[in-house]
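Visitor: I should like to understand the reasoning behind the terms applied to this model. Could you take me through them in turn?

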Amino acid sequence: MNAQPIFPEAGPPLLEVRDLVKHHGRVRAVDGVSFAIKAGETVGLVGESGCGKSTLGRAIMGLAPLTGGEVRLDGQVISDLPYAQVRPLRKRMQMVFQDPYASLNPRRTVGTIIEEPLKVHGLGSAKARRAQVLELMARVGLPADAASRFPHEFSGGQRQRVGIARALALNPALIVADEPVSALDVSVQAQVINLMVRLQKEMGLSYLFISHDLAVVHYIADRILVMYLGKIVEMSDRDRVWKQPLHPYTAGLLAAHPSPDPESAHAPRLRIEGDMPSPTAPPPGCRFHTRCPFKVELCTTEEPALRPLPDGRTVACHLVTVAADGTAHSPTEGGEVIPASRASEPASAFPLSHS
Amino acid sequence: MAASAPSLVPDATPVLAVEGLTTCLNTRAGKVTVVDGLDLTVRAGETLAIVGESGSGKSMTALSLMRLLPDGVAFNAGGAARLNGRDLLSLSERDMRRLRGADISMIFQEPMTSLNPVMRIGRQLMEVFEEHRPELSAQQRREKATDLLKLVRIPDPARVLDDLPHHLSGGMRQRVMIAMALACEPKLLIADEPTTALDATVQAQILDLLRTLQAELGLAIVLITHNLGVVAQNAHRVLVMYAGRKVEEAPVAELFRTPRHPYTRGLLRALPNPDAGGGREPLMEIPGIVPALSALPKGCAFQPRCPVAIDACAQTRPALRDVGPAKVACILATEGVPA
């Protein structure tokens, strides 16, 4: 868990997403996203509702055809190929959903639900499958008698364990987890996060962990992607996202996170005003410029490219600068934060607050 | 002002003083107590946070105080709730109706469910005045509605008056709800998960607004939330509920610095805390789940999940007692934090 893990360039990354575009009619949900996940790595994908993070997860999983771009697993293109052709590869990617209840068939027993992927892929005899189900249940901390019971008999946390056991059945290399702990109470959330971390160590899993909760993502991820209106605005290692965010949106998201420490209440805050514009008509130039307190003329006309920086991070902001010694600097540095007292200024201080 | 922790007004008489509030629910399994003998007070300019997980009774407390319990499903089974001396629980429905929205107001998690989807914002705001301020002319009502939208920092209020709720973003709708709640200058605002449905950046805006309005208007606020970060940044005092009961109450800094009930400690330690460093020690888990209220364990309700429980914890229900500056319902609670 070094800040800059060095991976031998032995082969292609486990997952590679290139220029992925996914539009729903006029809604430009995902608008050109590229990134990679290495074997054993956890990548956190964070952003607010409507930023396209769930759509991106589903598009990677092949749950909906892409509008453009491609997805590669172990170097092989898996997007937009006939299912039969990619089926053996698809086994290597599984998904865990936010609402474990909605994603579990209420009329099937937990044992049947966990066994289903094995059946679909025709793996093992009925007896061998049953043994494997019991082993999976033990692995995720479900009691053996759970196999004959129905989802509604379980708490939210237990149901999420069922969802995880089902995802593990085919021994995947990658799990795409879409807000897996968001519906759970704090005390149970910790149980599920600990379980996912332990399973990763035991099974060498990679995760794409999608969440709106920056603290949870920071805890579990090695690297973090920040998404805004269908685009990635920053990619960085977990600690630098938290300690030295580069993009003003990342900084604002961080400042908006209420710290469970009353003593930190006096820290200066950067307040992002207004709401995210509609993804049917993203603003020209930088998509964040309508809410950015640092914007200049250029930001309103020219879309900033996602550019790699010498320090290993990647950012899409015209105003991030690189000094002669290679260090990157955010426009939010240098005490130029917007005091939260702006919130109490007259109404005219709020730009673009409603549409 | 909005950036700093709100300052406490000491020694003011409580706006609301609740004693022994008890609320029951009729279920198939019989009568279940969802709020069990709850005491609380809130002063002008003060925010009392009620924090707890699902099923703790925090929302039922709010509905009980507003007298909005679903008919035939839940009912008040005892206690008193004095708002400036008048007991809300013994008022006639007619008197309560007059008080609701005027002296005591409430905002909810999802503003869309509380706003009429086919009525323009202005009309809905003016309706509040028709109910509570019949002496105002139509012109005055419209002016007051505009002022309210300005109060909650809605840009272009004249235009928003003619909007329908679905024209507005979630954050703007919550601002409208707050405007409606403040229309008749209430003394007490009950906010039940007011920002839970909102995105992080918008949540921060709404919480800033509530703090600013509290400072301007001297509101007493009961803030009901599951989010400990929201509690830390917005409350003066915190009341922790578990299985229908208060298990701990303390000033906010005290509660976060020295949580004395094992459940409070468990909640705080279960949260990932990026500020504590880059490590990835396993998060503290609270084993098991919240017990069903129809089948509470003997003794302390938290005892089966408690890492430090002793035999005595399963014998009698611990009474709430003063431990340092806090009130704690745990026989093991001490002045400092046990190891």
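Guide: Let us begin with pairing: two strands pair if DSSP finds at least two bridges between them. The model discussed here is a predicted one.

Visitor: How do you know that strands E3 and E9 of chain B pair?

Guide: Pairing requires at least two bridges. Strand E3 (residues 47-51) and strand E9 (residues 220-225) of chain B are joined over five bridges, in the parallel sense; therefore they qualify as a pair. Val51(B), for instance, stands opposite Thr225(B) in E9(B).

Visitor: What makes E7 and E12 of chain B edge strands?

Guide: Strand E7 (104-107) and strand E12 (321-323) of chain B each pair on one side only. They belong to an open sheet of eight strands in chain B, with mixed pairing and the order E7-E8-E9-E3-E10-E11-E13-E12. On average, neighbouring strands of this sheet are turned by 20 degrees against each other, direction ignored.

Visitor: How do you know that helix H7 of chain B packs on the sheet?

Guide: Helix H7 (residues 170-182) of chain B touches E7 and strand E8 (188-192) of chain B. The direction of this helix makes about 170 degrees with that of E7(B). Since angles run from 0 to 180 degrees between N-to-C directions, the value lies towards the upper end of that scale, and therefore helix and strand run in nearly opposite directions.

Visitor: What makes Val238(B) a residue to note in the largest nonpolar core?

Guide: Val238(B) is among the residues with the most contacts inside this core of 198 residues, as are Ala165(A), Leu208(A), Val226(A) and Ala179(B). A member of such a core must be buried, which requires 20 or more other C-beta atoms within 10 Å of its own. The core draws at least three residues from each of domain 1 (14-235) and domain 2 (248-328) of chain B. Leaving aside residues up to four places away in sequence, Val238(B) touches Ala49(B), Val51(B), Val231(B), Glu249(B), Ala250(B), Val252(B) and Leu255(B).

Visitor: How do you know that domain 1 and domain 2 of chain B are in contact?

Guide: Contact requires C-beta atoms within 7 Å. Eleven residues of domain 1 of chain B are in contact with eight residues of domain 2 of chain B. Strand E2 (30-43) and helix H9 (228-234) of chain B each supply at least two residues of the side of domain 1 that touches domain 2. The residues of that side divide into seven nonpolar, three polar and one charged.

Note on methods: Residues are numbered from 1 along each chain as its sequence is written. Chains are lettered from A and ligands numbered from 1 in the order in which they are written. This is a predicted model: local features need pLDDT of at least 70, side-chain atom pairs count only at pLDDT 80 or more; totals for chains, interfaces and linings use all residues. Helices (H or I, at least four residues) and strands (E, at least two) are DSSP runs, numbered from the N terminus. Two residues are in contact if their C-beta atoms, placed from the backbone, lie within 7 Å. A nonpolar core is a set of buried Ala, Val, Leu, Ile, Met, Phe, Trp, Tyr and Cys residues joined through C-beta atoms within 7 Å. A residue is buried if 20 or more other C-beta atoms lie within 10 Å of its own, exposed if 12 or fewer, and partly exposed in between; C-beta atoms are placed from the backbone. Domain bounds come from an automatic or database domain assignment. Ala, Val, Leu, Ile, Met, Phe, Trp, Tyr, Cys and Pro count as nonpolar, Asp, Glu, Lys and Arg as charged, and the others, Gly among them, as polar.
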